[in-house]
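Biologist: I'm new to this one and would like a close look at a single part of it, with a bit of the surroundings for context. Could you walk me through it?

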Amino acid sequence: MTRLMTIMITLAITMTVAVLIPALTQMETAAAEVREDSSAQNEGSCVDCHRDTTPGITATWEISAHGATNVPCTDCHGTDEQAAHDRKHTVDAERCGACHSGALADHRLGSHSKAMDAPGVKAADCTGCHRVAYSCQSCHSSHSTDPDISSRAQTCGACHNSDAPLTRIWASSAHGPLYAARGEPTCVTCHMEGGSHSTGRGMASSLPADKRVEQRGAMVGICTSCHAPATAIRALEDADRLKSQARALMDRARLTLDTKNQPPPHAFEATDAESRLLAAMATAYKAVRMGAYHQNRAVALRALASMQRTLASIKSRAETLERIKALEMRLDNLAARQAKSAGTDSTEALKQDLRALKDSLIKGEVSEEEYQRDKDALLDGAGL
Ligand code: HEC
Ligand code: HEC
Ligand code: HEC
Ligand code: HEC
Ligand code: HEC
Ligand code: HEC
Ligand code: HEC
Ligand code: HEC
């Protein structure tokens, strides 16, 4: 009995081992296979699930250059599903640059890559446009690689119409109808020649003289694929002249207001009366440049005239501020006098009258002339 049991137990163990060992070996092999293939497996799960959850994105990717060449979701989003699902997850220029090093290197040469360094951008919520620094999809869209999207004027206009309406100015320029009929020249023809990602190329007018020559030469080179060099040079020099006229007006505006502050970078940021006037000036200055360099002289001249009008308002505002300052000084003098002579009813009444008069001026209820006349009358009446 005991021997029989021993034999049976031994047999059972042997059989179990005989069955288990190959099974274990098989499992180990399978596990190794799973490990080896983990990225592909993960990939399958991204696409499989996203075909249902975000069918539009998956379909766009499938017909893109990336879908066609099997660049999987994980190459841009990483293999960590949880990280990819985090709200803060982004796919930035470095990730694209791992495979497109030429485009990234060019992009870094241009001012687009420095857009996040512009003053004030990091503090406020300005990434909508300034993210062009780190986001290649600003022009390419996240999942399509269609060049027809990246090279459309509207793509640039999404950010470049922020002050002066650049795409409209350009569309009604000498080149606008040409673009409408033939698709060229567009923004990319002149600012991203041959698919170059360095938008600073050919931007000469703000550079010091020694660097200007080379960049101007590059732009003229682009024009001469269609024009005679002399025509292009003349047109650009004409634009330079309009720009320096406008810059002189801009400088006068800043000096006149003596507010130390620069105009706000965008009109939508102007708050008080002075910065609104400076912003109007800066926006018109931008329109002069955009019109002049984009063969829309009518826009440039209109904007120049508007700068002159705004400068007149700025001068009158500066005079008003000057008068208010003078009046405040007189009020202070009066207060000092009153303190000395322990205040009589008549000086108190005069102070109130002057304050009321100043308020009317600030509110625009009396004109500059009326104000000056009434103030002199009051002060004369008090023998001051
Ligand atoms: C089981 C289904 C499922 C799987 C597997 C899955 N996802 Fe998702 N994913 C979703 C759903 C659903 C959303 C939308 C979440 C929302 O909008 O709240 C989403 C959102 C995302 C987003 C957008 C996140 C955001 O908030 O901007 C990215 C990127 C993403 N998935 C990438 C991946 C990648 C990469 C993988 C594979 C590693 C993956 N997903 C696997 C279901 C899945
Ligand atoms: C070539 C790179 C690339 C590939 C490949 C790629 N994506 Fe994206 N994806 C992006 C970029 C760039 C964004 C925008 C992220 C950001 O805002 O920084 C994005 C955003 C997303 C979003 C959220 C955006 C929205 O509009 O809702 C989802 C979801 C997403 N991807 C899913 C996928 C899935 C699923 C795949 C594979 C089928 C995939 N992606 C393949 C680059 C890629
Ligand atoms: C893992 C490598 C890889 C990554 C990462 C990657 N790409 Fe690509 N990309 C490719 C390949 C491969 C092609 C197709 C072959 C080619 O055209 O170079 C391609 C093609 C393209 C094209 C079309 C080129 C053409 O001539 O039609 C664009 C545009 C593009 N990628 C942009 C991006 C952007 C933007 C990102 C980041 C959001 C990105 N790629 C990330 C590998 C990658
Ligand atoms: C609608 C798009 C858009 C938004 C939003 C935006 N910007 Fe800009 N910004 C631009 C463009 C485009 C330029 C380049 C100049 C031009 O052509 O108008 C620019 C230029 C600038 C410049 C001058 C460039 C430099 O390097 O000095 C500053 C400063 C600036 N922006 C600050 C800001 C701040 C601060 C905010 C947020 C309060 C902001 N921007 C929001 C589009 C935008
Ligand atoms: C200002 C808009 C803009 C930005 C930002 C941008 N691109 Fe492009 N990209 C374009 C245009 C326009 C083309 C040319 C399309 C055409 O006509 O073929 C292009 C072409 C490409 C091509 C195909 C030609 C080539 O050079 O191989 C790739 C790849 C590419 N871009 C990758 C990137 C990457 C990576 C980034 C980010 C570092 C980026 N792009 C940022 C507008 C942009
Ligand atoms: C025919 C060539 C050409 C075309 C097309 C063109 N540009 Fe320009 N652009 C120029 C020149 C030239 C300058 C001035 C260069 C300089 O300052 O020396 C300029 C200047 C600019 C500036 C800087 C202006 C400033 O002074 O702040 C921006 C931004 C710009 N262009 C964007 C665009 C956009 C967006 C489009 C399409 C809607 C476009 N351009 C179409 C040639 C062109
Ligand atoms: C997502 C927003 C965005 C898009 C889209 C965009 N830009 Fe810009 N661009 C900017 C900002 C912001 C600046 C100013 C950067 C700075 O000076 O800090 C700028 C600057 C420029 C400049 C001035 C370059 C220099 O060095 O002086 C040119 C030219 C330009 N962009 C052309 C283009 C063209 C062409 C396109 C379309 C193919 C385009 N941009 C698309 C945001 C954008
Ligand atoms: C893709 C071709 C092409 C490019 C590039 C191009 N132009 Fe033009 N441009 C034309 C055509 C075509 C006209 C229509 C009048 C004509 O045929 O001369 C025109 C008209 C003009 C006009 C108006 C001429 C007039 O008689 O009213 C000016 C000025 C001008 N271009 C300057 C430039 C400058 C400066 C550049 C470079 C920054 C440039 N163009 C780039 C094709 C081009």
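Modeller: Sure, let's go to the shell around ligand 4, where the residues divide into eight nonpolar, six polar and three charged. Keep in mind as we go that this is a predicted model. There are 17 residues around ligand 4, and those that come nearest are Gly120, Cys126, Cys129, Ser162 and Pro265. As for the helices, α9 (127–130) and α12 (153–160) each supply at least two residues of that shell. The largest share belongs to α9, which puts in three residues.

Now hop over to ligand 1 for a companion view. Here 15 residues form the surroundings, and Cys46, Cys49, Thr53, His77 and Ala84 are the closest. Three helices each bring at least two residues to this shell: α2 (38–53), α5 (73–77) and α6 (81–84). The one that gives the most is α2, with six residues. Sorted by class, the shell around ligand 1 comes out as four nonpolar, nine polar and two charged residues.

While you're in this neighbourhood of the sequence, have a look at asparagine 70. You'll find asparagine 70 in the loop between α4 (65–68) and α5. Asparagine 70 isn't a glycine, yet its phi is positive, at about 55°. Another backbone detail turns up at glutamate 184 and proline 185, which are joined by a cis peptide bond with omega at about -5°. Proline 185 sits in the loop between α14 (176–182) and α15 (187–191).

Next, follow the chain on to the helices α18, α19 and α20. Helix α18 (residues 273–293) packs against helix α19 (residues 297–340) at an angle of about 160°, and their axes are 8 Å apart. With that angle, α18 and α19 are therefore roughly antiparallel to each other. Their crossing is left-handed. On the α18 side, the residues that take part include Leu277, Met281, Tyr285 and Val288, and among their partners in α19 are Val299, Leu304, Met307 and Ile314. This contact of α18 with α19 has 15 nonpolar, four polar and three charged residues.

Helix α19 also has a second partner, helix α20 (residues 345–363): the axes of α19 and α20 come within 11 Å and cross at roughly 165°. That angle makes α19 roughly antiparallel to α20. The crossing of α19 and α20 is left-handed. In α19, the residues Ile324, Leu327, Leu331, Leu334, Arg337 and Gln338 meet Thr347, Lys351, Leu354 and Lys358 in α20. By class, the contact of α19 with α20 holds five nonpolar, two polar and three charged residues.

One last thing is how far to trust what you see. The protein averages a pLDDT of 86, and 86% of the residues score at least 70. Among its elements, helix α7 (residues 93–97) has the highest mean pLDDT, 97, while helix α1 (residues 2–36) has the lowest, 43. Over residues 4–39 the pLDDT stays under 50, and for that stretch the model has three contacts beyond four places in sequence.

Terms used. Residues are numbered from 1 along each chain as its sequence is written. Chains are lettered from A and ligands numbered from 1 in the order in which they are written. This is a predicted model: local features need pLDDT of at least 70, side-chain atom pairs count only at pLDDT 80 or more; totals for chains, interfaces and linings use all residues. A residue is near a molecule or strand if its C-beta atom, placed from the backbone, lies within 6 Å of it. Helices (H or I, at least four residues) and strands (E, at least two) are DSSP runs, numbered from the N terminus. Ala, Val, Leu, Ile, Met, Phe, Trp, Tyr, Cys and Pro count as nonpolar, Asp, Glu, Lys and Arg as charged, and the others, Gly among them, as polar. Axes are lines fitted to C-alpha atoms, for helices over the stretch in contact, and angles run from 0 to 180 degrees between N-to-C directions. Angles under 35 degrees count as roughly parallel, over 145 as roughly antiparallel, 65 to 115 as roughly perpendicular and the rest as oblique. A crossing is left-handed if the near helix is turned anticlockwise from the far one by less than a right angle, and right-handed if clockwise. Two residues are in contact if their C-beta atoms, placed from the backbone, lie within 7 Å. pLDDT is the predictor's confidence in each residue, from 0 to 100.
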